[in-house]
Amino acid sequence: MKTMRHFRFGLVLLVLAVVAMSCNKDHYNVSNVHGVNAEGEMLLPLASGSYSLMDLMKHLQIDSLIECNASGDMSFGYFYERFGAVKGGDLLRFKDWSYQEHFVIENLKSGLSQRIDTIVRVSQTIAFESDHIRVLAAKIKSGHCEFSLTCNAGSFWEVVVTSPDLKDTEGHELRFVFQPQMGPASFSFEGMQYQTDEANALCLNYEYHLVVDELQVHELAIDAQVSVTDLALSEMRGYVDSYASCDHIDTVFSLFPANMSGNIKVEDALITLRGRNTFGLAARLAIDTALVWGENITPYDLFAPMPITIDMPSNLSYSEVYRQSFSGWIDAHSGYAMASSLFTVNPDGVNDMVAVYDTCNIDMRVDVSIPFSFKISDMKYSDTVNLRLNEIEKPEMIEALTLELAFNSTLPMKLGGTFMLYDSNTGRITDVLLDEAALIAASCDGQASVSTVEIAITDERMEHALQSDHLIFCIDLDTEAHDVSLNADQGLQFFAKTKVKYKGIVE
């Protein structure tokens, strides 16, 4: 589901095993050659390497993702965690709201001036707006209440706001006093305890202490405005209506370095979904999309048939909720994944009183186990090895150069490709040594397969060869339609040597 976290399906090890000898090795210096008889040959080593698959895993720092039994059989283990697919805090929030109230005091002695010093008491019940919860008792995490008052004559001495539904940490009922002539006033709900007989309702009582020196108008008009913002609970007791949260993944994942291309078929990979539902009520997961595709790969579902509905009972620890095997082709370089799912709390709308905390979560863990059994089709890789042919002394006396490439492989696949000499100073290919040649025979039975190729560099190619400082190779990999399995002990040995034959004595 995720990010796929970029599915580094351990199959990358196969390709890198082939080119392990290119891991920035310092090759032997063959510059100081003296006293060589013209009728003799010097066999000079250029590079060598010996790697098992487990060595490569450690080199790639992914050995912690590999499961290996006593026989060396391996599988790639990957997991992705999605914390807070549904969060308790998402349910325990109320919409911001505000309301205005207008009331009047009539002048019973119309036309006569009179002084007023009175207290006007008003009660107002307001409703917190929520689409998901009906609260009877709660601890308030945050919230801000603001009051402002205007009057067409006179002024307020003070205003007292109380509520039987709100108590502080010591159990005292809310009591807030302010003077409207000083401007808008506010207080915080944070830390208060809320309890009511009517869900989501809050009773506020106002005492307006009104002072008018000479009331000459027919009526005294008072306008009050109250607003509440950022109201959220840390815990509640009450009822939870069905609540759903969407989860979407749309990503590009890279399995191999940019210089690799091709397709790999994964056989019988196992996907296990584990869920943790810490709400005190049931939940449900519905997956309607889980697609993987590539540049040359038609999109296909990881799960089938779709959609999938998975029940997730309340559980404080992870428990398995679904498992399924899948097989399919994967793009070697850049693949694409898209997933869409819906998490629902209380999907059946059960009307039972429950407790909900902002720490409640629905968490998912996706475990992927991929046995190292697969097919490779049209896989290509290119890399370079440093050479020092240009450091050979007395090039005018060289009669012939021969490169010898030897491979000793227990990798269960056929490797072929092109070897070229390269001059980094000019940025040009100086010679093509092999063109679409089969270098390493398939070793599907696990027995070592030895291949040696000798490449003679003639006079007309000598000058370019001596200026070359890199050996470039483009490798094609093919399992020849076999389903093959990898073992930690399988690997590759590589040797590169050169034979130098001189015309005379090198002083």
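**Figure 1. Surroundings of N200 in the predicted model.** Leaving aside neighbours within four places in sequence, N200 is in contact with F94, I126, A127, F128, S130, I133, R134, V135 and Y194. The model shown in this and the following views is a predicted one. N200 is placed in the loop between β10, which covers residues 193-195, and β11, which covers residues 201-215. With a relative accessibility of 7%, under the 20% limit, N200 counts as buried. One of its contacts, V135, also takes part in a polar approach, in which the side chain of N200 reaches the backbone nitrogen of V135 at 2.6 Å.

**Figure 2. The largest pocket and its lining.** The largest pocket of the model has a volume of about 150 Å³. Its lining is made up of 10 residues, and those closest to the pocket centre are S261, G262, E295, N296 and D331. Two strands, β14 (260-277) and β22 (373-386), each supply at least two residues of this lining, and it is β14 that gives the most, with three residues. By residue class, the lining of the largest pocket comprises six polar and four charged residues and no nonpolar ones.

**Figure 3. Two cis peptide bonds around P305 and P307.** The peptide bond that leads from A304 to P305 is cis, with omega near -10°, and the bond that leads from M306 to P307 is likewise cis, with omega near -5°. P305 lies in the loop between β16, residues 297-301, and β17, residues 308-312. The loop between β16 and β17 is also the place of P307.

**Figure 4. Positive phi at D230 and N346.** For D230, a residue other than glycine, phi is positive, near 55°. D230 lies in strand β12, which covers residues 219-240, and is partly exposed because its relative accessibility of 45% falls between the limits of 20% and 50%. For N346, again a residue other than glycine, phi is positive and near 50°. The place of N346 is in the loop between β19 (334-345) and β20 (354-357). The relative accessible area of N346 is 5%, under the 20% limit, so N346 is buried.

**Figure 5. V226 in strand β12 and its distant partners in sequence.** V226 belongs to strand β12 and is buried, with a relative accessible area of 2%. Not counting residues up to four places away in sequence, V226 touches W97, S98, Y99, C145, E146, F147 and Y206. For one of these partners, E146, the C-alpha separation from V226 is 5.7 Å, although the two residues are 80 residues apart along the chain. Another partner of V226 is C145, which counts as buried at 1% relative accessibility.

**Figure 6. G191 and K501, with C-alpha separations across the sequence.** G191 is found in the loop between β9, residues 185-188, and β10. The C-alpha atoms of G191 and D168 are separated by 7.0 Å, with their positions 23 residues apart along the chain counted as the distance apart. Leaving aside neighbours within four places in sequence, G191 is in contact with I140 and T169. K501, in turn, is placed in strand β29, which covers residues 491-502, and is partly exposed, with a relative accessible area of 31%. K501 and T402 are 99 residues apart along the chain, and their C-alpha atoms are separated by 8.7 Å.

**Figure 7. Cysteines C145 and C203 in the context of the whole chain.** The structure holds zero disulfides. C145 counts as buried at 1% relative accessibility, and C203 counts as buried at 19% relative accessibility, because the limit is set at under 20%. For the protein chain as a whole, the secondary structure comes to four helices and 29 strands. Of its 507 residues, 49% count as buried. Among contacts in the chain between residues at least 6 apart in sequence, 86% join residues that are at least 24 apart.

Conventions
Residues numbered from 1 in each chain as written. Predicted model: local features only at pLDDT ≥ 70, side-chain atom pairs only at ≥ 80, totals over all residues. Heavy atoms only, no water. 1 Å grid on protein atoms, 1.4 Å probe; cavity = no way out; pocket = protein on both sides within 12 Å on 5 of 7 lines; lining within 4 Å. Points joined across faces, edges and corners; volume = space filled by probe spheres on them. Nonpolar A, V, L, I, M, F, W, Y, C, P; charged D, E, K, R; others polar. Buried < 20%, exposed > 50% of the residue type's maximum accessible area, 1.4 Å probe, protein only. Polar contact = N/O pair within 3.5 Å; in protein donor to acceptor, adjacent residues only side chain to side chain. Contact = heavy atoms within 4.5 Å. Disulfide = S-S within 2.5 Å.
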